[in-house]
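The following exercises are to be worked with the sequence and the coordinates at hand. Each task is followed by a solution in steps.

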Amino acid sequence: MAETLKVAMPKGRIYRQASSLFREAGVPVPDDLDDSRKLIVHVPEANMEFIMAKPVDVPTYVEYGVADIGVVGKDVLMEEARDVYELLDLGIARCRMSVIALPDWKPALHPRVATKYPRVASQFFRERGQQVEVIKLNGSIELAPLIGLADRIVDMVETGQTLRENGLVELEQMFPITSRLIANRVSYRMKNDAIQALCDQLQAVIRI
Amino acid sequence: MTKPKMFEKPAGVKDYLPEAAERLRQVETRVLDCMRRWGYREIITPTLEFYDTVGAASSTSDAKLFKLLDKRGVTMVLRSDLTAPIARVVASLLRDAPLPLRLSYHANVFRAMEEGAGRDAEFYQTGVELVGDGTPEADAEVIALAVACLKAAGVDRFLIALGHVGFLNGLFRETLRDCPEEAEHELKDCLLRRDHVGYRQRLRELPLSAEAKGDLEGLLRLRGGKEICSQARPFTRDPLGFSSLDHLCRVFEALEDYGVSEHVRIDLTMIGDFSYYTGVYFEGYAADLGFPVASGGRYDNLLRQFGRPAPATGFALKTDRILEVVGGRILERTRRALVLFDTAGRKAALQYAAQLRNHGGWAVETRFLPEDETLEVAPERLAARNGERDAADERFAPDAAAQSGGPERIRLPDVTAGGTRAGACLVQGVRYDEVIVFAEEGKAWRKR
């Protein structure tokens, strides 16, 4: 029998969409895993083991090979810059990373940008020759321009609802973001058949 | 940065405690021995090299080189691999040595890495270079040797992925004729970063026929055994692509003749650093370890930079990672013996210790027992019954042979008059396979 495939799944927002895509592709993933407190779930029918992880940790698990493959947002993938295979664009959890500010924003003398993605943000501004101070925050990024911590923020925008409610506007869309299927460098070889089969199944149901 | 505490050391470097050092040494010895059997002779090069020579020629990117200045202000590097230093030696000291040359090495190398998974700043490489033979048979030889070395090191389940830089170069040159110049670089960069999504995305944006796009996307699936040779044939009519594929297939056929092709998979998207590798490129993977344990390939342009143009191929095993795979297993263990003596027993004890050291297979410690102290020696079985074997002792647990044979049956030279064999014992929490005492029991030492 083939070896079990270990899959790192992100808890939270992406999980439901990812699990329904997997089910559509014929992989029987329960859809209520996210609510349970179980961290490791076996699905013997598919010969898979699902590891419920904090999204930002998924690339780490996969790079170290404790998970063979994983589902993770492109935003996290860019920020973490881990050495993994990026196999498929799953086309789910679609949103964008944007530069956001108050409507009356004008270039500041000492520009400061608050974000959850300091690596992506500093590279983005550096490549444009802009000198900004990047401030790493862990949540409620929208607060930063409202209370004067930063004049701009870099954050994910899905519908724009949160921005509108806080009176903020998108200055610029940086990258479109979707969730990706990633694989460990060694697992990609050692468990090639299982991973390729899953890719084919998923590719058949992905809508991009 | 704040001043480091006295016990701290720089990020990315490691201490190897006795057990780990012993195991690393065993892996290294076995691998070097395997290489020697294949006719490769070991070479030692300096840790420091000039930045402008070896530093510039190495495949390590500038940002990852450890640089320092000597007292005249000349930039030096800590070697980041052994391939460039060996190329320097082959082109200078060994200039008159006839080719082909077969050289092996084991050394620590240095890379200034970002912190993260398995990225040590100093690590160990054991490898070979085969200089002066450009045939597919030479490539097959180093791959077959890599397989033999992995087996010798004790890695059971492993795979070698094999690609050829020339196939991709030829294919891209032919297919991307009418595309913007940077397209080829961007596509290769995606493959190098293992970003298949980005590769497909970039392809979609290129002004190519649907058929060409299909071919280039199909590349991502060209993985497998010998069948890939025929499957890839229709992809390219470019002479470079074609000859590269031929070369690759001859390598695979030779590997079949070596009897190791079951360990090898072809993957035509496998590319190493393009500025460095010129032909076959391969990586080795072990089950249960997230990172490659070996990499290598053909680098026909490197020797030219040192003034002696010659084809060359080779590989390096990442010895400290192999240790992670086989580390839990004890390859072979040296038995520990403790010879205790008091003043009267000293001569007999030291003579016996010398005899036991010559006997082989034993690490023999000697220890003087002062008159005014009493050392407690607990026979192992008794100690085990009393639950005194703690976790620390487990590391010194006897191997299966010693256990099944029992301590009494371990072969060792006859103990001379005045000495007593106490068998396997715990002495101050440390386990010895054999304790031999040249002192009167009850005074300087006592059994518990």
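**Exercise 1.** In which loop of chain B does Asp288(B) lie? Determine also its backbone angle and its exposure class.

*Solution.* This is a predicted model. Step one is to place the residue: Asp288(B) lies between strand E10 (280–286) and strand E11 (294–298) of chain B. Step two is the backbone: phi of Asp288(B) is positive, about 75°, although the residue is not a glycine. Most residues other than glycine have a negative phi. Step three is the exposure: Asp288(B) has 13 other C-beta atoms within 10 Å, and because exposed requires 12 or fewer and buried 20 or more, the residue is classed as partly exposed.

**Exercise 2.** Carry out the analysis for Asn47(A), beginning with its phi.

*Solution.* Asn47(A), which is not a glycine, has a positive phi of about 55°. The residue is found in the loop that links strand E2 (40–43) to strand E3 (48–53) of chain A. Asn47(A) counts as partly exposed because it has 14 C-beta neighbours inside 10 Å.

**Exercise 3.** Which residues does the cis peptide bond join at Pro100(B), and where is this proline found?

*Solution.* The bond joins Leu99(B) and Pro100(B), with omega at about 0°. Pro100(B) is in the loop between helix H3 (83–91) and strand E5 (101–110) of chain B. Most peptide bonds are trans.

**Exercise 4.** Describe the domains of chain A and the contacts between them.

*Solution.* The assignment gives domain 1 as 5–93 + 178–205 and domain 2 as 96–175; domain 1 is thus written in two segments because the assignment lists it so. The C-alpha centres of the two domains of chain A lie 29 Å apart. Across the boundary, four residues of domain 1 are in contact with five residues of domain 2. On the domain 1 side there are two nonpolar, no polar and two charged residues.

**Exercise 5.** How many residues of chain A are in contact with chain B, and which element gives the most?

*Solution.* First, 16 residues of chain A are in contact with 16 residues of chain B. Next, the elements of chain A that give two or more residues to this side are helix H2 (58–64), strand E5 (85–89) and helix H7 (187–190). Strand E5(A) gives the most, with five residues. By class, this side of chain A has seven nonpolar, three polar and six charged residues. Finally, the predictor gives the complex an ipTM of 0.86 and a pTM of 0.86.

Technical notes:
Residues numbered from 1 in each chain as written. Chains lettered and ligands numbered in written order. Predicted model: local features only at pLDDT ≥ 70, side-chain atom pairs only at ≥ 80, totals over all residues. Domains from an automatic or database assignment. Contact = placed C-beta atoms within 7 Å. Nonpolar A, V, L, I, M, F, W, Y, C, P; charged D, E, K, R; others polar. Helix = DSSP H or I, 4+ residues; strand = E, 2+ residues; numbered from the N terminus.
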